[in-house]
Amino acid sequence: MNFLRSASSLALRPSSHILTRRAALPATSFAVRHLSDSTKKTIEDAITQNKLVVFMKGTPQAPQCGFSRAVMQILTVQGVDMDGALKSFNILADEDLRNGIKEYSSWPTIPQVYINGEFVGGCDIMLNMHQSGDLEKLLLKEGLIEPEAEESPRA
């Protein structure tokens, strides 16, 4: 009886062992590199030459996804000069940029916001920073918005 039980459990091991080994292969062995040297240069030039860069779906005037729209609304509410201070890239118009920016930042989603050469994050992070007041502090520090004028107390 014990012999049959151990023999039947051994019969299951080879297939489960193969599946385990196959699942344990590193994902990088199948990864495809999307970031060409020219796309990397485009990204690096943009984020080093501009204080505020957003890689988004659509344009600031016509965002083409809800997350991109939310980031534009947050920046507008914060008082960012959307015509002067913001440099945006429509990743829907450039397949190389669409895939390359994700590899460059190691961040899988769009939009992506860079302030003064540093990757800040996507929509969720921007929303959290906006709600906590950290985004306003960062935008003020980097000179992307003006401090609000304090109201004089009325006599």
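Ser106 lies in the loop that runs between H4 and S3, a convenient place to enter this predicted model. With a relative accessibility of 63%, above the 50% cut-off, Ser106 counts as exposed. Its phi is near 60°, a positive value in a residue that is not glycine. Most residues other than glycine have a negative phi, and most peptide bonds are trans. The loop between helix H4 (95–105) and S3 also holds Pro111, and here the second departure from the general pattern appears: the peptide bond joining Ile110 and Pro111 is cis, with omega at about 10°.

Beyond Pro111 the chain enters strand S3, which spans residues 112–115 and includes Gln112. Gln112 has a relative accessibility of 0% and therefore counts as buried. The Gln112 side chain reaches back to the backbone oxygen of Trp107, at 3.1 Å. Trp107 is also among the residues that Gln112 contacts beyond its neighbours within four places in sequence; the others are Val53, Val54, Phe55, Ile101, Lys102, Ser105, Phe119 and Gly121. Further along, Asn116 sits in the loop between S3 and strand S4 (118–121). Like Ser106, which has a positive phi, Asn116 is not a glycine and yet has a positive phi, here of about 50°. At 43% relative accessibility, Asn116 counts as partly exposed.

Phe55, one of the contacts of Gln112, offers a view from the other side of this pairing. The residue belongs to strand S1 (residues 52–56), and it is buried, with a relative accessible area of 0%. Not counting residues up to four places away in sequence, Phe55 touches Ile43, Ile47, Phe89, Ile91, Leu97, Ile101, Ile110, Pro111, Gln112 and Tyr114. Both partners of the cis peptide bond, Ile110 and Pro111, thus appear in the surroundings of Phe55. For Leu97, the separation from Phe55 is 42 residues in sequence and 8.9 Å in space, taken from C-alpha to C-alpha.

Helix H3 is the next element to consider. H3 covers residues 66–78, 13 residues in total, and extends 18 Å from its first C-alpha to its last, close to the 18 Å expected at 1.5 Å a residue. Its buried residues are Ser68, Val71, Met72, Ile74, Leu75 and Gln78. These cover an arc of only 155° around the axis, and so they lie on the same side of H3. Gly66 and Val77, on the other side of H3, are exposed. The packing partners of the buried residues of H3 are S1, strand S2 (86–90), S3, helix H5 (123–132) and helix H6 (134–141). Just after H3 comes Gly79, with a positive phi of about 95°.

What do these elements build together? In soluble globular proteins, nonpolar side chains tend to be buried together. In this model the largest nonpolar core has 20 residues, of which Leu52, Val54 and Leu75 touch the most other members. At least two residues of this core come from each of S1, H3, S3, H5 and H6, and H3 makes the largest contribution, with four residues. Another core, of twelve residues, lies apart from it, with Ile43, Phe89, Ile110 and Tyr114 among its members. Val54 can be followed in more detail: leaving aside neighbours within four places in sequence, Val54 is in contact with Val71, Met72, Leu75, Leu86, Lys87, Ser88, Phe89, Pro111, Gln112 and Val113. Val71, Met72 and Leu75 in that set are buried residues of H3, while Gln112 leads back to S3.

Taken as a whole, the protein chain has six helices and four strands, and their order along the sequence is α-α-β-α-β-α-β-β-α-α. Of its 155 residues, 30% count as buried. Among contacts with a separation of 6 or more, 61% are between residues 24 or more positions apart. The protein chain exposes about 10,500 Å², and carbon and sulfur atoms supply 53% of that area.

Conventions. Residues numbered from 1 in each chain as written. Predicted model: local features only at pLDDT ≥ 70, side-chain atom pairs only at ≥ 80, totals over all residues. Heavy atoms only, no water. Buried < 20%, exposed > 50% of the residue type's maximum accessible area, 1.4 Å probe, protein only. Polar contact = N/O pair within 3.5 Å; in protein donor to acceptor, adjacent residues only side chain to side chain. Contact = heavy atoms within 4.5 Å. Expected span 1.5 Å × (residues − 1). Arc of directions from axis to C-beta. Core = buried A, V, L, I, M, F, W, Y, C linked by side-chain atoms within 4.5 Å. Areas by Shrake-Rupley, 256 points an atom, 1.4 Å probe, with all protein chains shown as cover.
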